[in-house]
Amino acid sequence: MFETPENDSISPALRALLELFATDLADVKFPDVDTAVLGESAAHVREKAEAVARAQAALDAARQALNESQESLLQKGQRALAYAKVFAEDDGELGAKLEAIHLPRPVRKGGQAQVDPVGAAPGNDDNAPRRRGRPPKLRPVANLFTDGSGPDAAQDEAPASLQS
């Protein structure tokens with residue numbers, strides 16, 4: 001009589017009570033509570049839970065559609081801003097207004113990055129900024145076939161100013 005779906009909106013304790021009224025207490029009737037009343041009330045709760053699930057699914061779909069529309073607008077806006085900056089190269093006032101606009105970067109979807117408005121593919125190391133500072137020192141690699149006692153070892157250890 002009483003269904004027990006996995007995602008039931010009725011607590012396990014209430015389900016146990018409903019089951020008792022469906023089996024052991026099926027013939028027992030209290031003034032305003034019996035098996036039929038409890039069954040109707042449980043069906044009403046499940047009905048409302050299904051309505052909530054449908055509304056949640058519709059809300060999730062609406063949010064997804066909103067996010068996709070916002071992403072589309074952002075991509076078009078980034079492209080428009082890039083074109084407008086090129087257009088305003090000779091107009092300093094318009095260029096300053098355009099430089100004050102900072103749009104967010106596009107969101108990565110499914111591990112694939114969207115192309116930025118300049119047109120460079122993300123992850124391209126040719127466009128990456130150079131590292132600042134002094135490059136690391138290169139240390140000489142020891143010869144694997146010498147034990148360090150030969151004539152080359154003494155020359156390697158001597159300072160460069162003493163070597164001829």
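A residue counts as buried when its relative accessible area is under 20%. By that cut-off Asp8 is buried, because its relative accessible area is 15%. The model examined here is predicted. Asp8 serves as the entry point to its salt bridges, and the overall architecture comes next.

The chain contains four helices and zero strands. Read from the N terminus, its elements follow the order α-α-α-α. Helix H1 covers 12-22, and helix H2 covers residues 35-87. Helix H3 spans residues 92-99. Helix H4 takes up 151-157, and a loop lies between H3 and H4. The chain has 164 residues, of which buried residues make up 13%. About 14200 Å² of the chain is exposed, and carbon and sulfur atoms supply 55% of that area. Among contacts in the chain with a separation of 6 or more, 46% come from residues 24 or more positions apart.

Salt bridges were examined next. Side chains of opposite charge can pair when their charged atoms come close. A search of the whole structure returns four salt bridges. One of the pairs is Arg15 with Asp8, where the closest N and O atoms are 3.7 Å apart. Arg15 is partly exposed, at a relative accessible area of 25%. Asp8 also forms a salt bridge with Arg46, with the closest N and O atoms 2.9 Å apart. This pair links distant parts of the chain. Asp8 sits in the segment before helix H1, whereas Arg46 belongs to helix H2, 38 residues apart. Both Asp8 and Arg46 are buried.

Another salt bridge joins the side chains of Glu99 and Lys85, at 3.9 Å from N to O. This pair, too, links distant parts of the chain: Glu99 lies in helix H3 and Lys85 in helix H2, 14 residues apart. Glu99 has 47% relative accessibility and therefore counts as partly exposed. Lys85 is likewise partly exposed, at 31% relative accessibility. Shared partners join Asp8, Arg15 and Arg46 into one network of salt bridges.

Helix packing was then considered, starting with H1 and H2. The two helices pack at an angle of about 145 degrees, and their axes are 9 Å apart. Their crossing is left-handed. On the H1 side, the contacting residues are Arg15, Leu18, Phe21 and Ala22. On the H2 side, they are Thr35, Leu38, Ala42 and Arg46. Arg15 and Arg46 thus appear both in this helix contact and in the salt-bridge network with Asp8.

Helix H2 also packs against H3. The angle between H2 and H3 is about 155 degrees, with the axes 9 Å apart. H2 is therefore roughly antiparallel to H3. H2 passes H3 in a left-handed crossing. Leu81, Ala84, Lys85 and Phe87 in H2 meet Leu94, Leu98 and Glu99 in H3. Lys85 and Glu99, listed in this contact, are also the partners of a salt bridge.

Individual positions add detail to this picture. Ala49 is placed in helix H2. Ala49 counts as partly exposed, at 26% relative accessibility. Ala49 and Ile10 are 39 residues apart along the chain, and their C-alpha atoms are separated by 9.3 Å.

Leu74 also belongs to helix H2. Its relative accessibility is 15%, so Leu74 counts as buried. With residues up to four places away in sequence left out, Leu74 touches Leu103, Pro104, Arg105 and Pro106. For one of these partners, Pro106, the C-alpha to C-alpha distance to Leu74 is 7.3 Å, at 32 residues apart in sequence.

Ile101 occupies the loop between H3 and helix H4. Ile101 is partly exposed, with 40% relative accessibility. The C-alpha atoms of Ile101 and Leu81 are separated by 8.3 Å, and the two residues are 20 apart along the chain. Leu81 is also one of the H2 residues that meet H3.

Methods
Residues numbered from 1 in each chain as written. Predicted model: local features only at pLDDT ≥ 70, side-chain atom pairs only at ≥ 80, totals over all residues. Heavy atoms only, no water. Buried < 20%, exposed > 50% of the residue type's maximum accessible area, 1.4 Å probe, protein only. Contact = heavy atoms within 4.5 Å. Areas by Shrake-Rupley, 256 points an atom, 1.4 Å probe, with all protein chains shown as cover. Axes fitted to C-alpha atoms, helices over the stretch in contact; angles between N-to-C directions. Parallel < 35°, antiparallel > 145°, perpendicular 65-115°, else oblique. Left-handed = near helix turned anticlockwise from the far one by under 90°.
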